[in-house]
Amino acid sequence: MSYNYWESDRIRLRAIEPEDAHIFFAWNQDSEMMLMVDRLHPPTSMKVVQNWIEKTTAQVDENSDDFFFVVETLDGDIIGMIHPHKCDRLVGDFTYGVAIRREFQRQGYACEAIIMILRHYFYELRYQKVTVKVFGYNEASQKLHEAMGFLLEGQIRRSVLHNGRFYDDLIYGMTKEEFEELYG
């Protein structure tokens, strides 16, 4: 029986592929989803998405721990993405962005993907801390990170503009030791 480090009982993490462009193109048409991940951007063409995927797949660098993962079910349905980045090997700190497609939200997939990433970065790459920025209007992400045991470490006031209103950035963190205590 083979073992895949990047699989759980329900999901797998894998590299992004050119064939995934249609999913990310459709995702970019969903303004609400876009706001949860980043900012509201003007519409893009399929060609722009394909170029982004081409650039992303070509950026794999042995000297960087930044990586873009597609989250998919074991049946091969793409349900989201997780992107560890701003990886500082000297300090041992990194961040990530995670997003799950609307029809797959609130089913524990984001939590599973985050745990896989934290386990890898803490135990295989020797990072000691993860810091995550959550937009003040993204209550689902706030609840997710709090339920997972992340601590609210700070707040940057009025740093995000959405729909003519300013929101805070909330900074959550978890150390390797806190992760071990919660997830062993």
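This passage describes the salt bridges of a predicted model and the surroundings of one threonine, Thr 95.

In total, 11 salt bridges are counted in the model. Side chains of opposite charge can pair when their charged atoms come close. Part of this pairing is organised as a network of salt bridges, in which Glu 7, Arg 12, Arg 14, Asp 20 and Glu 72 are linked. Within this group, Glu 7 and Arg 12 form a salt bridge in which the closest N and O atoms are 3.0 Å apart. The two partners fall into separate classes of accessibility: Glu 7 is partly exposed, with a relative accessibility of 31%, whereas Arg 12 is buried, with a relative accessible area of 18%.

A further salt bridge joins the side chains of Arg 10 and Glu 112, with an N to O distance of 2.5 Å. This pair links distant parts of the chain, since Arg 10 belongs to the segment before β1 (11-15) and Glu 112 to helix α4 (residues 109-123), 102 residues apart. Arg 10 has a relative accessible area of 32% and is therefore partly exposed. Glu 112, by contrast, counts as buried at 18% relative accessibility, the cut-off for buried residues being under 20%.

Arg 102 and Asp 30 also form a salt bridge, and their closest N and O atoms are 2.3 Å apart. Arg 102 is placed in the loop between β4 and α4, and Asp 30 in the loop between α1 (21-28) and α2 (31-37), so the salt bridge ties together parts that are 72 residues apart in sequence. Both residues of this pair are partly exposed, Arg 102 with a relative accessible area of 38% and Asp 30 with a relative accessibility of 22%.

Attention then turns to Thr 95, a residue of strand β4 (residues 93-100). Its relative accessible area is 13%, and Thr 95 is therefore buried. A polar atom of the Thr 95 side chain lies 2.5 Å from the backbone oxygen of Thr 131. Thr 131 also appears among the residues in contact with Thr 95 when neighbours within four places in sequence are left aside. With the same neighbours set aside, the contacts of Thr 95 include His 83, Pro 84, His 85 and Lys 86, and also Val 130, Val 132 and Lys 133.

Notes
Residues are numbered from 1 along each chain as its sequence is written. This is a predicted model: local features need pLDDT of at least 70, side-chain atom pairs count only at pLDDT 80 or more; totals for chains, interfaces and linings use all residues. Side-chain values use heavy atoms; hydrogens and water are left out. Helices (H or I, at least four residues) and strands (E, at least two) are DSSP runs, numbered from the N terminus. Buried means under 20% relative accessible area, exposed over 50%, partly exposed in between (1.4 Å probe, protein chains only). A polar contact is a pair of N or O atoms within 3.5 Å; within protein, one must be able to donate a hydrogen and the other to accept it, and residues adjacent in sequence count only if both atoms are side-chain atoms. Contact means heavy atoms within 4.5 Å. A salt bridge is a side-chain nitrogen of Lys or Arg within 4 Å of a carboxyl oxygen of Asp or Glu.
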